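Trainee: Could you go through this structure with me and show how each label follows from its definition? I would like to see the cut-offs next to the values.

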Amino acid sequence: ARNAQFSLDYTAALSIAEGATEAAQKNMLTEVANFRPPTLSGTVTVGSETVPFQVFPIGSATNRTDPDGIVRAIQTYRITASADHGAASATVHRIVELSMTPLFQYMIFYQNDLEILPGPSMTLAGRVHSNHDIYLGCGSTLKVDSSYLRCTGDILRKRKDDNSESTGTVDIRIQGTTSYASMSNGEDSENTNWTELALSTWKGTVQTGVHGVKEVAAPEI
């Protein structure tokens with residue numbers, strides 16, 4: 001009976017400690033997004049329990065460049081939390097990598113829907129990212145001189161306000177070349193063959209959520 005009770009107490013203590021490291025990690029992300037240094041010690045509430053935690057930086061921050069040329073600052077931390085329950089106690093260590101991406105690496109960065117519909121001709125020469133959908137069109141010619149036109153939702157070749165097809169020409173640079181390929185009406189995320197169409201046409205420049213594009217965290221004050 002004592003062994004069974006101890007096993008129950010240990011399972012509860014372990015769950016509380018794991019919850020505390022999860023809460024501490026969430027607090028760390030919120031602080032960094034608000035341009036504050038992470039809190040290295042404190043307490044969090046898990047259920048009805050108040051649990052202390054500590055955060056230890058491991059090494060120094062390093063810069064990491066992904067295949068798209070986006071530079072991220074990576075800092076590794078160890079989060080430690082201990083909890084007692086009944087006759088048992090448990091300590092959990094969690095190793096996390098905190099990634100910070102300066103948004104100035106993007107020419108256009110949108111948290112919500114991005115609509116690009118200039119009247120006269122326009123050239124975009126930089127990375128374009130949206131954490132939702134992108135609507136493209138132009139009264140004349142829109143040229144995307146970039147190897148990064150991506151979003152986590154859909155890319156749509158139409159207006160957002162009335163959902164009508166957009167006029168004009170949209171030319172997007174093919175990745176790894178100086179050539180361009182046009183995106184005509186119907187050659188967008190609503191195309192049944194969009195996943196393969198985008199990759200075969202622009203060789204990786206144009207990607208959406210179906211290609212695995214992940215949300216880039218935007219600062220929130």
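Mentor: Here is how the labels are earned, one topic at a time. This is a predicted model, in which local features need pLDDT of at least 70 and side-chain atom pairs count only at pLDDT 80 or more, while totals for chains, interfaces and linings use all residues. Residues are numbered from 1 along each chain as its sequence is written, and side-chain values use heavy atoms, with hydrogens and water left out.

Trainee: What makes β9 and β12 a pair of strands?

Mentor: Strands are DSSP runs of E with at least two residues, and helices are runs of H or I with at least four, numbered from the N terminus. Two strands pair if DSSP finds at least two bridges between them. Strand β9 (residues 134-136) and β12 are joined by 2 bridges, so the pairing criterion of at least two is met. These two strands run parallel, and I134 has I155 in β12 as its bridge partner.

Trainee: Which strands make up the open sheet, and in what order?

Mentor: The open sheet has 3 strands in the order β6-β9-β12, with parallel pairing. Because β6 (114-116) and β12 (155-156) each have a single partner strand, they stand at the edges, and one side of each is left without a neighbour in the sheet.

Trainee: How do you know that β3 pairs with β2 and with β4?

Mentor: By the bridges again. Strand β2 (residues 49-65) and strand β3 (residues 71-85) share 10 bridges in the antiparallel sense, with F53 opposite A81 in β3. Between β3 and strand β4 (residues 88-100) there are 13 bridges, also antiparallel, and here T80 stands opposite H93 in β4. Both links form hairpins: 5 residues lie between β2 and β3, where G69 takes a positive phi near 85°, and 2 residues lie between β3 and β4, where G86 in the turn has a positive phi of about 60°.

Trainee: Which residues other than glycine have a positive phi?

Mentor: Among them are F35, with a phi of about 60°, and N163, with a phi near 65°. F35 is in the loop between α1 and β1, and N163 is in the loop between β12 and β13.

Trainee: Why is F35 called exposed, and N163 partly exposed?

Mentor: Buried means under 20% relative accessible area, exposed over 50%, and partly exposed in between (1.4 Å probe, protein chains only). F35 has 63% relative accessibility, so F35 counts as exposed. N163 has a relative accessible area of 49%, so N163 is partly exposed. R36, in the loop between α1 (2-33) and β1 (41-46), has 45% and therefore counts as partly exposed too.

Trainee: Is H211 buried or exposed?

Mentor: H211 has 17% relative accessibility, so H211 counts as buried. H211 is found in the segment after β15 (206-207). Contact means heavy atoms within 4.5 Å; leaving aside neighbours within four places in sequence, H211 is in contact with W194, T195, A198, L199 and V206.

Trainee: What makes a group of residues a nonpolar core?

Mentor: A nonpolar core is a set of buried Ala, Val, Leu, Ile, Met, Phe, Trp, Tyr and Cys residues joined through side-chain atoms within 4.5 Å. The largest one has 23 residues, and L136, I155, M183 and W202 touch the most other members. β6, β9, β10 (141-144), β11 (149-151), β13 (169-173) and α2 (194-202) each supply at least two residues of this core, and α2 gives the most, with 4 residues. Apart from this core lies another, of 18 residues, among them I16, M28, V44 and L98.

Trainee: What does W202 contact, beyond its neighbours within four places in sequence?

Mentor: The contacts of W202 include I172, M183, E187 and W194.

Trainee: Why is a space called a pocket rather than a cavity?

Mentor: On a 1 Å grid over the protein atoms alone, a cavity is a set of points where a 1.4 Å probe fits but cannot get out, whereas a pocket is an open set with protein on both sides within 12 Å along at least five of seven lines. The largest pocket has a volume of about 870 Å³, a volume being the space filled by probe spheres set on grid points joined across faces, edges and corners. Lining residues have an atom within 4 Å of a point; of the 37 here, S99, T101, V216, A217 and A218 are the closest to the centre of the largest pocket. α1 gives the most to this lining, with 6 residues.
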